[in-house]
Amino acid sequence: MLLHASPALHAQGRELTPDRVNQRVQAAAVEILVNGRLAGSGAIIDRSGIVLTAAHVANGRDLSIEVLLGTNDRITAEIHAKDASHDILLLKLPAKTGGYPTLTLAKRPPLVGSKAYLVGSPIFRHRLFFTGTVSQTKVSAEFLKPHYVQVFYIQSASPHGTSGGAWVNGHGQLIGLQSAMLFVNNAPHGIAFVAPLDAIKSLKENPRTVAVASTGFAVEELWEQPPKYLEQVTEGTAGVVIKFIVPGSPLEQAKVPIGAILTSIDGKMIRTRDEYVDAIRQHEPGDVLALKIRAPNNETEQEFKFKLGSLQ
């Protein structure tokens, strides 16, 4: 019986050994200096000198940003584009004869269970190589104070300093950007938050500052709450629990307490963190929404008119 490889397998070829992946990524991997201090990791994704890193690595005004190449050359960089809703920042290096070594972007997102690799500089240790396993490719929302970012998940240790590093597949092709990690009580739990490939491609192809709607408060799902809180909740209640309110936001001005339950937005029931973020980001900054909020032990709901802010 004659066997034929699938078109996808034939097009991609065999995956590289981890050592070869590391060699391929190291050529394009960089480090980001902010005001002279090593602040994060990154990678060159275009020969013209477009550098990919995390938006939170260089978040502020009047910053001096430099890119440290593998040759230890320090090159001044300018901000080229930003998408804070996915924690993505693109920097631009000066033109160079022959261009810069670069990472190729994968044609498609990774599969759950596939191997993934990262080069980053954790806690001032340069260009270390990490391995991981793709745990979930569906994009979800995570709160990185003071706003939400949308990410997928890779099982891996990716310590402080690897933020902005490029996650690649077994062919050394870019599949995502290291944003943050799951921490509980200040301890890492081996789940990396990774900005998705589609968002990186969109920003590279259309450089801009992305502005999305923001509320200025964060929520947890009802079933995350401790037993004493759940004992107060009226049976049959559905909603998300308000856990953090940005100072000066409309919710603080309305004196809504931490621990109140948000049950709906514009009449749409909200039961999960992702439903909450999706409902907000279907709107534009400046839109006015109707929020229904109640205390855990009180079935009476209050409606608030809420003007959305802008995250950019």
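## A polar contact at Glu66

A polar contact is a pair of N or O atoms within 3.5 Å, where, inside a protein, one atom must be able to donate a hydrogen and the other to accept it. Keep that in mind as you look at this model, which is a predicted one. The side chains of Glu66 and Arg74 are joined by just such a contact, at 2.8 Å.

Where does Glu66 sit? You'll find Glu66 in strand S4, which covers residues 65–68. Glu66 has a relative accessible area of 14%, and because the cut-off for buried is under 20%, Glu66 counts as buried. Leaving out residues up to four places away in sequence, Glu66 touches Glu31, Ile32, Leu33 and Gly36, and also Arg74, Ile75, Thr76 and Ala77. So Arg74, the partner in the polar contact, turns up in the list of touching residues too.

## Ile50 and its surroundings

Now hop over to Ile50, in strand S3 (residues 50–54). Is Ile50 buried or exposed? Ile50 is buried, as its relative accessible area is 7%.

Who does Ile50 contact, once you set aside neighbours within four places in sequence? The list runs Ala43, Ile44, Ile45, His80, Leu90, Leu91 and Lys92. There's also a pairing to check by C-alpha atoms: Ile50 and Thr102 are 52 residues apart along the chain, and their C-alpha atoms are separated by 8.9 Å.

## Backbone oddities

Two residues that aren't glycine have a positive phi: Asp62, at about 55°, and Arg127, near 55°. Asp62 belongs to the loop between S3 and S4, while Arg127 is in the loop between strand S8 (115–120) and S9. How do they fare for accessibility? Asp62 is exposed, at 80% relative accessibility, whereas Arg127 is buried, with a relative accessible area of 17%.

There's a cis peptide bond to spot as well. This bond joins Lys145 and Pro146, with omega at about 5°. Pro146 is in the loop that runs between strand S9 (128–144) and strand S10 (147–155).

## Aromatic rings

How many aromatic pairs does the structure hold? There are seven. In one of them, the rings of Phe143 and Phe244 have centres 5.6 Å apart, and their planes meet at 50°, so the pair is tilted. This pair links distant parts of the chain, with Phe143 in strand S9 and Phe244 in strand S16 (residues 240–245), 101 residues apart. Phe143 is partly exposed at 23% relative accessibility, and Phe244 is partly exposed at 24%.

Next come Tyr148 and Tyr276, with ring centres 5.8 Å apart and planes at 70°, so this pair is edge-to-face. Tyr148 lies in strand S10 and Tyr276 in helix H6 (residues 273–281), so the pair ties together parts 128 residues apart in sequence. Tyr148 counts as buried at 6% relative accessibility, and Tyr276 is buried as well, with a relative accessible area of 1%.

Finally, which residues make up the aromatic cluster? Phe143, Tyr148, Phe217, Phe244, Tyr276 and Phe306 form one cluster. Try picking them out in the structure: among them are the residues of the tilted pair, Phe143 and Phe244, along with those of the edge-to-face pair, Tyr148 and Tyr276.

Note on methods:
Residues numbered from 1 in each chain as written. Heavy atoms only, no water. Helix = DSSP H or I, 4+ residues; strand = E, 2+ residues; numbered from the N terminus. Buried < 20%, exposed > 50% of the residue type's maximum accessible area, 1.4 Å probe, protein only. Contact = heavy atoms within 4.5 Å. Phe/Tyr/Trp six-rings, centres within 6.5 Å; stacked < 30°, edge-to-face > 60°.
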